[in-house]
Each structure stands twice: as C-alpha cells, then as structure tokens.
Amino acid sequence: MAAREPGPSARDKAPRPPVLLRAARLLDVEKGEIAEPGEVLVVGERIAEIRPARLPEGTVVHDLGDVTLLPGLMDMEVNLFLGGPDHRSPLIPVQEDPAVRTLRAAANARRTLRRGWTTVRNLGLFVQTGGVLLDVALKKAIDLGWVEGPRVVPAGHAIAPTGGHLDPTMFQALAPGVLPLTVEEGIANGVAEVRKAVRYQIKYGARVIKVCASNGVMSHTGPAGAQQYSDEELRAAVDEAHRAGLKVAAHCMGDSAIRAAVEAGIDCIEHGFLASDATLDLMAERGTFLVATTSLTEGMNTTHADPELQAKAADVFPRARESTARAIRRGVKVALGTDAPAIPHGRGVMELLALADRGMRPVDALRAATTVAAELIDADDRGRIAPGLLADVIAVPGDPLTDLSVTGRVCFVMKGGQVYRDDTQVS
C-alpha cells in the first residue's frame with residue numbers, strides 16, 4: 001500500500017465538501033466501547049455527526065475498510081527541536097543555529113503527525129535563540145498550513161536556575177562562557193528573574209510555562225531529584241502564569257521537590273520518578289496531573305552518557321517504573337507524554353504500552369492520550385470523536401482495546417478535516 005500525499009490544493013482555504021469517514025469500527029473513548037460500523041461526517045474542520053442518517057449533497061465518502069477510528073492522539077511532553085534526522089553529534093547544541101533547529105523541528109513535526117499524534121505540548125527550549133520563541137513560530141507555521149505538523153502548545157523557553165537541569169550545561173558539562181543564556185531565554189535566579197522570565201514567555205506566545213523544579217537523571221549537577229528552585233521561586237512562577245490563565249508544568253524527580261511543586265500550585269509534574277505514596281496521594285487530592293514519561297526508563301539510549309549518569313539511570317529508572325504503577329493505582333491523573341526525543345519522535349505507542357504494563361487498562365492508556373490530555377491543556381474541542389469537536393481522527397487496524405500495539409500502525413490521519421495520511425487504499 002502506498003500513502004496518498006495531499007497535493008498543494010489541500011492547503012487551500014477554499015471550502016471543502018463534506019466528508020464521510022466510513023470504517024469497520026469506531027472507538028468511543030469515553031464509554032470504552034467499540035461501535036460497529038464507524039461512520040463520521042465531517043463538515044469543514046469539525047465533526048458534524050456520528051452515523052448520519054442522511055448525507056449532505058456533495059459529500060465525499062472515504063471508505064477506509066477494516067480499521068478502527070480513534071480520536072487523534074496527544075503527546076504532552078515533546079521537544080520537536082531535538083532529535084530526529086541526523087542527530088548524531090553530541091555537540092549539536094553548539095553547532096546548530098536557530099534556523100537549522102527550526103527546520104529540524106518541522107521534520108519532526110511532520111513525522112509526529114503522520115504517526116497519529118495530532119496535538120503536542122512542546123515543553124521548553126534550552127538553547128540560544130536571541131529570545132525568539134521557536135516553538136511559537138513553529139505553531140504559527142503549522143496553523144497557517146505552511147508546514148505539516150500537530151497542533152502545538154508551546155512553552156517557549158524552559159525556565160531553570162543557573163546550573164539547573166535545563167541549563168544547557170546539563171548534558172555535556174560545558175565550560176564557563178559556552179552557550180550562556182539570558183533571563184529571556186530561561187536562565188532565571190531569584191523571584192524577580194523568575195517573574196521576568198515567565199512574563200517574557202507569555203508576552204511572546206507561550207501557552208504553558210515549563211520550570212525545572214528539580215535535578216534530573218541525565219544531568220551533571222547533583223543527585224537525581226534534588227530540588228533546584230526554592231519554594232518562593234516556584235510560587236512566583238505559578239503566580240505569574242496563573243494570573244495570565246496559563247498552567248505550569250514542572251520537570252520534577254525527587255519526592256520532596258515534587259511535594260514542594262504541588263504545594264506551590266504547579267499544575268503538572270513531568271516524570272515524578274521518585275514520588276512517595278504520600279506525595280502521590282497529595283497529587284490525587286489536589287488534582288495535579290502527572291506526565292510520567294515512563295517508557296523512556298526502558299527505551300532511552302544512555303550508552304552515550306558519562307559513566308556517572310549511566311549509574312544514576314541504572315539506579316533511578318527501575319524505581320521510576322514502580323512509582324508510575326503506584327500513581328496509577330492511587331488515582332493520580334496521568335496524561336501521556338513521551339519526552340521525545342528520549343524515545344523517537346512519533347513513537348508514542350511505546351508510552352501507551354508502558355502505561356498498560358504499569359497497570360492501566362488499554363482504554364485508560366488511550367484516555368491518557370486523549371480525554372485526560374485534553375483536560376490538561378484545557379481543550380474542550382478535541383480528545384473524542386463527537387459532534388462539534390475538531391475533526392482530528394486517525395485509523396488503526398484491529399481493536400486497540402484488546403491490542404494497544406495497533407496504535408503503532410496508524411494508516412490514516414485527519415487533522416481539522418484535512419487528510420494528511422491515507423494508506424488504506426491500494427495504489
């Protein structure tokens with residue numbers, strides 16, 4: 001089978017005729033049930049009706065065959081500006097300029113969309129850009145139809161203290177004076193600088209704020225999980241973001257740092273690898289989201305890292321897998337995130353399978369990538385196949401409720417009523 005690529009006219013703003021997607025099955029992700037057959041009427045960029053009794057005049061029928069229709073999937077932690085094609089050199093942070101890095105992101109965005117991931121949060125640049133929010137620019141280009149990619153919720157620059165996890169020294173332990181970042185580019189110390197950094201990201205288009213509340217596993221600046229921002233600095237970031245109507249996501253590993261972040265009002269914990277039961281209970285009570293990125297603990301290639309970082313990973317990753325399982329059992333709201341390129345872009349199936357391995361039912365893993373993710377980003381226009389919502393619809397062979405691995409074999413992708421991939425027809 002060969003993919004049918006949309007031609008140049010697919011990007012036109014001219015009205016498109018109504019479209020009926022016809023498939024053998026459709027997943028009602030809220031009910032956790034498969035409906036047969038699956039028929040979705042799309043008018044413009046939105047879903048008009050499920051199993052319509054009558055079709056509008058001029059409706060184009062896409063008969064997709066023996067597949068299951070799903071809502072477009074959502075990855076709540078990616079960095080499209082890293083990884084992907086030709087990312088072989090560890091020196092790329094000091095070799096690539098912002099223009100090249102943005103072109104890299106465009107390639108990664110296209111790959112991600114074609115794998116069925118129609119919305120992503122891009123959680124934080126940590127390179128020199130001259131203050132330009134590259135992910136905001138990418139979002140604009142995608143929204144305008146200039147390049148193909150998922151809907152992007154951009155964070156702008158990740159906000160971290162000097163020597164913190166997303167200070168660019170974290171991976172290569174760079175020498176002083178190499179790749180220094182400004183406050184606008186996210187290196188902020190003290191309450192006043194944190195407020196300035198957050199305000200800058202908001203001013204230039206960030207739709208979520210990313211802070212580094214603790215150390216990480218693959219960084220040189222101390223033990224995994226040590227709290228790096230003070231309680232006062234965390235509260236300042238939350239105050240600025242919440243007054244602007246934005247949520248805050250915190251890279252956070254250690255138990256005491258996670259608790260400090262939750263008590264400061266952080267909306268979402270990224271990773272949460274070393275959380276205790278008491279802290280997980282607090283997250284469940286407060287409604288704090290967890291983006292566990294649990295598949296990277298098995299799928300991340302650490303062979304390039306220094307021996308001390310490999311030793312940290314060998315210690316933390318097994319405990320992290322168990323922590324995710326405890327979070328699921330305790331009712332924490334878990335939204336799917338891969339931390340790509342920690343695992344390859346577009347390979348979110350690895351995270352779905354990992355969540356199921358940690359104890360989620362297949363339908364709950366799919367909800368983590370649809371309804372729960374939509375709640376996290378305050379998007380009531382996606383995450384389900386239902387009338388009035390955006391026509392972000394994908395198709396997979398088989399039944400994902402009995403075999404989640406089929407989500408790694410996406411054969412049809414529609415975003416906003418436009419088809420970006422169709423492998424269901426024989427060429």
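A cavity is a set of grid points where a 1.4 Å probe fits but cannot get out. With that in hand, here are some exercises on this predicted model.

**Exercise 1: The enclosed space**

Find how many cavities of 30 Å³ or more the structure holds, and list the residues that line the largest cavity.

*Solution.* Start with the count: there is one cavity of 30 Å³ or more. Next comes volume, and the largest cavity contains about 30 Å³ of space. Finally, look at the lining, which is made up of Asn79, Phe81, Leu82, Arg101, Leu125, Phe126 and Val127.

**Exercise 2: Inside the nonpolar core**

Work out which residues touch the most other members of the largest nonpolar core, and which helix gives the largest share of this core.

*Solution.* The largest nonpolar core has 62 residues, and Ile209, Val211 and Ile269 touch the most other members. As for the helices, helix 7 (residues 255-264) supplies the largest share of this core, with six residues. Now zoom in on Val211. Leaving out residues up to four places away in sequence, Val211 touches Ile159, Leu234, Ala237, Val248, Ala249, Ala250, His251 and Ile266.

**Exercise 3: Cysteines without partners**

Decide whether Cys212 and Cys268 are in a disulfide, and say whether each is buried or exposed.

*Solution.* A search of the whole structure returns zero disulfides. Take Cys212 to begin with: its nearest cysteine sulfur belongs to Cys252 and is 9.5 Å away. A disulfide needs sulfur atoms within 2.5 Å, so Cys212 is in no disulfide. For Cys268, the nearest cysteine sulfur is again that of Cys252, 11 Å away, and Cys268 is in no disulfide. Now check burial, where the cut-off is under 20% relative accessible area. Cys212 has a relative accessible area of 0%, so Cys212 is buried. Cys268 is at 1%, so Cys268 counts as buried too.

**Exercise 4: Classifying ring pairs**

Count the aromatic pairs and assign each one a geometry from the angle between its ring planes.

*Solution.* The count comes to two aromatic pairs. The ring centres of Tyr200 and Tyr204 are 4.8 Å apart with planes at 50°, so this pair is tilted. Tyr204 has 39% relative accessibility and therefore counts as partly exposed. For Phe273 and Phe317, the centres are 6.2 Å apart and the planes stand at 90°; planes over 60 degrees apart count as edge-to-face, so this pair is edge-to-face. Then locate the partners: Phe273 is in the loop between strand 11 (268-271) and helix 8 (277-286), while Phe317 is in helix 10 (residues 307-329). The pair links distant parts of the chain, 44 residues apart. Last, both Phe273 and Phe317 are buried.

Technical notes. Residues numbered from 1 in each chain as written. Predicted model: local features only at pLDDT ≥ 70, side-chain atom pairs only at ≥ 80, totals over all residues. Heavy atoms only, no water. Core = buried A, V, L, I, M, F, W, Y, C linked by side-chain atoms within 4.5 Å. Buried < 20%, exposed > 50% of the residue type's maximum accessible area, 1.4 Å probe, protein only. Helix = DSSP H or I, 4+ residues; strand = E, 2+ residues; numbered from the N terminus. Contact = heavy atoms within 4.5 Å. Phe/Tyr/Trp six-rings, centres within 6.5 Å; stacked < 30°, edge-to-face > 60°. 1 Å grid on protein atoms, 1.4 Å probe; cavity = no way out; pocket = protein on both sides within 12 Å on 5 of 7 lines; lining within 4 Å. Points joined across faces, edges and corners; volume = space filled by probe spheres on them.
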